[in-house]
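Trainee: Please take one part of this model and go through it closely. I would like to start at the ligand and follow the chain outward from there.

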Amino acid sequence: MKTIVILISGRGSNLLAILEARLPLTVAAVISNEPQAGGLATAKQHGIPTRVVDHRLHRERSTFDEALSAEIDVFKPDLVVLAGFMRILSAAFVGRYRGRLINIHPSLLPAFTGLHTHRRALAAGVKLHGCTVHFVTPELDHGPIVIQAAVPVMEGDSEQSLAARVLAEEHRVYPQAVRWFCEDRLNITPQGLVTLKAAQAASGALVSPPRDS
Ligand code: GRF
C-alpha cells in the first residue's frame, strides 16, 4: 500500500475529500505552513499526524523548503499531495519529488495560472471553467495534466458562486487522481503528457450555454 503526505495552508476541504474517499493508501501526515490552518484540525480528527513548518520562521525560500522536505521525508511518502498549499516551491524542492508531487489548481489549465482564477475567468467571459490536477514542475501551475473537470459559468455568477461550483468538482477529481497514482496507473511520457492505463473512453461534451434542443 502506498503512503502519501498532504500539504495544506488553509481550510483543507480537498484534504477532507481525499480522506473521505477512503482510498487504499496510508495518509502518513498532514503538513501545513500555516499554524492556524483549519485542515490541521480535520487531520487530527482523522487520527493523522500533523506538522507545521511556518514559512515566517525562514528568511530564505531555500531554508523553508529544506525544513519542509526534512519533515516530509521522515514519512517516506510515495506521493506528496499539495491540497491548497499556498507557497511557491523552489526548483530544488520540486526536483526532489519529481514525478511524485501533484497539485490541484482551480482553473482549466493552461488558462488562468496563478491567483484569483475565478475572478479572472468571470472577467474574461469564458463559458466553461473548472479545475486541474497536475504533476508539479518548476514552472508555476504547469506540468503534466492528470485530470480536469469543467463546469459552466452561469450568467449572474459571482466569484463565490463560481468558486463553489468548481470546488465541488475539485472534491471529485482529486481523490480520483490520487487513487490512479496509488494504483500505478499514471505514466508521464517523454513529451510530458500523462497517460492513464486502462482508461475509459470519454463520452459526450459539456457545452455552455447549452445548445437549443
Ligand atoms: C482550492 O480551490 C485549490 O484548488 C486551491 O486552493 C483551494 C484550497 O481549498 N489551490 P481547500 O483548502 O482544499 O479547501
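Mentor: Ser13 places a polar side-chain atom 2.5 Å from an oxygen atom of the ligand, a polar contact (a pair of N or O atoms within 3.5 Å; within protein, one must be able to donate a hydrogen and the other to accept it, and residues adjacent in sequence count only if both atoms are side-chain atoms). This is a predicted model, in which local features need pLDDT of at least 70 and side-chain atom pairs count only at pLDDT 80 or more, while totals for chains, interfaces and linings use all residues. Residues are numbered from 1 along each chain as its sequence is written, and side-chain values use heavy atoms, with hydrogens and water left out.

Gly12 also reaches a ligand oxygen, with a backbone N or O atom at 2.9 Å. From Glu170, a polar side-chain atom lies 2.7 Å from an oxygen atom of the ligand. The ligand taken alone exposes 370 Å², and the protein buries 86% of that (Shrake-Rupley areas with a 1.4 Å probe). The residues surrounding the ligand are Arg11, Gly12, Ser13, Asn14, Gly84, Ile104, Pro106 and Glu170, each having a heavy atom within 4 Å of the ligand.

Ser13 and Asn14 bring us to helix H1, where both are among the buried residues. Helices here are DSSP runs of H or I with at least four residues, strands are runs of E with at least two, and both are numbered from the N terminus. H1 covers residues 13-20, and six of its eight residues are buried, so the helix is largely enclosed by the rest of the structure. Buried means under 20% relative accessible area, exposed means over 50%, and partly exposed is in between (1.4 Å probe, protein chains only). Besides Ser13 and Asn14, the buried residues of H1 are Leu15, Ala17, Ile18 and Leu19.

What do these buried residues pack against? The strands are S1 (2-8), S2 (25-32), S4 (79-82) and S5 (101-105). The helices are H2 (38-45) and H6 (159-182). Contact here means heavy atoms within 4.5 Å.

Now follow the chain out of the helix. Arg22 comes just after H1, in the loop between H1 and S2. Its phi is near 50 degrees, a positive value in a residue other than glycine. Most residues other than glycine have a negative phi, and most peptide bonds are trans. Arg22 counts as exposed, at 73% relative accessibility.

S2 starts at residue 25, and Leu25 has a partner from the start of the chain. Met1 and Leu25 are 24 residues apart in sequence but 5.5 Å apart in space, C-alpha to C-alpha. Leaving aside neighbours within four places in sequence, Met1 is in contact with Pro24, Leu25 and Thr26. Met1 belongs to the segment before S1 and counts as exposed at 75% relative accessibility.

S5 leads into another loop, the one between S5 and helix H5 (117-124), which holds Pro110. A cis peptide bond joins Leu109 and Pro110, with omega about 15 degrees. Phe112 is found in the loop between S5 and H5 as well. Phe112 has a positive phi of about 55 degrees, although it is not a glycine. With a relative accessible area of 17%, Phe112 is buried. Farther along, in the segment after strand S9 (194-196), lies Pro209. A cis peptide bond joins Ser208 and Pro209, with omega about -10 degrees.
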